[in-house]
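Trainee: Please take a close look at a single part for me, the surface that meets the DNA. Then say how the chains meet each other.

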Number of protein chains: 2
Amino acid sequence: MAERADAARNRQAILRATEELLTRLPPEQISMERVAAAAGVGKGTVFHRFGSRAGLMRALMQERAMVLQEAVVDGPPPLGPGAPARERLLAFVDGVIEVVSRNKGLLAALDHAEAVVSAKIPDDDPPPLHAIWHRHIAGLLHEARPGLDADVTAHLILASLHSDPIQRLVVTGEGAARVAAGLRTLITGVLD
Amino acid sequence: MAERADAARNRQAILRATEELLTRLPPEQISMERVAAAAGVGKGTVFHRFGSRAGLMRALMQERAMVLQEAVVDGPPPLGPGAPARERLLAFVDGVIEVVSRNKGLLAALDHAEAVVSAKIPDDDPPPLHAIWHRHIAGLLHEARPGLDADVTAHLILASLHSDPIQRLVVTGEGAARVAAGLRTLITGVLD
DNA sequence: CAAATAACTGGACCGGCGGTCAACTTATGC
DNA sequence: GCATAAGTTGACCGCCGGTCCAGTTATTTG
């Protein structure tokens, strides 16, 4: 017996409710009880499904990022395999920004949640998004410019998306474009 | 009556205690009661002095950054006025990394604290560090390369110091050096 | 040196949080 | 239809950031 139908329905209800709350409120005002109420379920159910606040945010982020992830592993170039590393990298950061911009406050909520003392990440969970993204970026960086400290550089690139001011910029249309342009400049600068 | 002697003594005790706790524990395990206990004062005293958790962290950070700040406004080049913008900028980010690396977890603690709903920042407080740093970086960027979106780029550069992985790197000796080198590469790349 | 006073102190207290749990309900496979 | 594993729930727990005020103490003033 894998996952019951009602359970799946509730999972969706909780995710959608969280999403909706995230568009209306700053992350620290979104308590788990509030999420539960908005989803029309008991608090216990939320924890049963997602384990913790961090787990809920992670699941939501993962869901949002899946499309991007699929496009990366077997979509058409320039995002997918086939294009030169430089183009793939630029396309990828655009994609990441798009995902992030659709989720005002999600990244921040994630941070806040992850900060909790060494949260136990169940072994059967998919690896955290950050790790996947970092690996992808570092790989492309290394391919495009072997001399570089790809590991650190990838962290620096990803890190720039956290931080409140950038988040605030990204949630507005032109802001996201400016951030994307800025990141591209940074990356092309380092690749040439 | 400005500030009583015993009050000043307690302020120091609290700051030192916080500092000490930050070297031993992750920020989310450092409650205000714990700080108070470690400093040998009552919890009320801590709040009376610093207003909030954010205020305490900000004060500590400010204290740490003061040396850098002074060097920037009227120290010798390349940090202070006189050197070309490019050199000043590179020296500055080195300085920032040094400050940050001396305070494992402080930045994270600050973030966590600042996240609280629009914390009332008393008017007589110095402007937040982030703002000062951002203005300095953006100014130098603009001077060194007028075409650039200095505002966004400065945010991206500063933002990269937040985020857990970078923090973890920075607290170790070689890690800090790698991060500094990575940042320099990013910046020189964008300036040329 | 007192007396007056304003600043400082501390800890009981508050609302709310994330997370747990044991009793109860329900979908599902046979 | 029935057994049972899975799901659901809300009262409950410990803790946290922040408030408050009665009591204490450094400082100023005459």
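Mentor: A residue counts as near a strand if one of its heavy atoms lies within 4 Å of it. The model is predicted. Around DNA strand C there are 23 residues, and Met32(A), Lys43(A), Arg53(A), Arg4(B) and Asn10(B) come nearest. By class, this surface has 10 charged, 7 polar and 6 nonpolar residues.

Helices from both chains take part. α1 (5-24) and α3 (43-50) of chain A, with α1 (5-24) and α3 (43-50) of chain B, each supply at least two residues. The largest share, 5 residues, comes from α3(B).

Now the strand's side. Of the atoms of DNA strand C within 4 Å of the protein, 64% belong to sugar or phosphate, and the rest belong to bases. The side chain of Asn10(B) has an N or O atom 2.2 Å from a phosphate oxygen of the strand. Backbone atoms reach phosphates too: a polar one of Arg53(A) is 2.7 Å from a phosphate oxygen, and a polar one of Gly42(B) is 2.9 Å from a phosphate oxygen.

Next, the chains themselves. Chain A and chain B each give 30 residues to their contact. Together they bury about 2,500 Å², 75% of it on carbon and sulfur atoms. On the chain A side, Leu156(A), Arg178(A) and Leu186(A) lose the most area, together 24% of what that side buries. Arg178(A) also forms a salt bridge with Asp149(B), at 2.9 Å from N to O. The interface has 4 salt bridges. Among the elements of chain A here, α10(A) gives the most, with 8 residues. The chain A side divides into 15 nonpolar, 11 polar and 4 charged residues.

How values were computed:
Residues are numbered from 1 along each chain as its sequence is written. Chains are lettered from A and ligands numbered from 1 in the order in which they are written. This is a predicted model: local features need pLDDT of at least 70, side-chain atom pairs count only at pLDDT 80 or more; totals for chains, interfaces and linings use all residues. Side-chain values use heavy atoms; hydrogens and water are left out. A polar contact is a pair of N or O atoms within 3.5 Å; within protein, one must be able to donate a hydrogen and the other to accept it, and residues adjacent in sequence count only if both atoms are side-chain atoms. Helices (H or I, at least four residues) and strands (E, at least two) are DSSP runs, numbered from the N terminus. Ala, Val, Leu, Ile, Met, Phe, Trp, Tyr, Cys and Pro count as nonpolar, Asp, Glu, Lys and Arg as charged, and the others, Gly among them, as polar. Contact means heavy atoms within 4.5 Å. Buried area is the accessible area (1.4 Å probe) that two parts lose on being put together, summed over both. A salt bridge is a side-chain nitrogen of Lys or Arg within 4 Å of a carboxyl oxygen of Asp or Glu.
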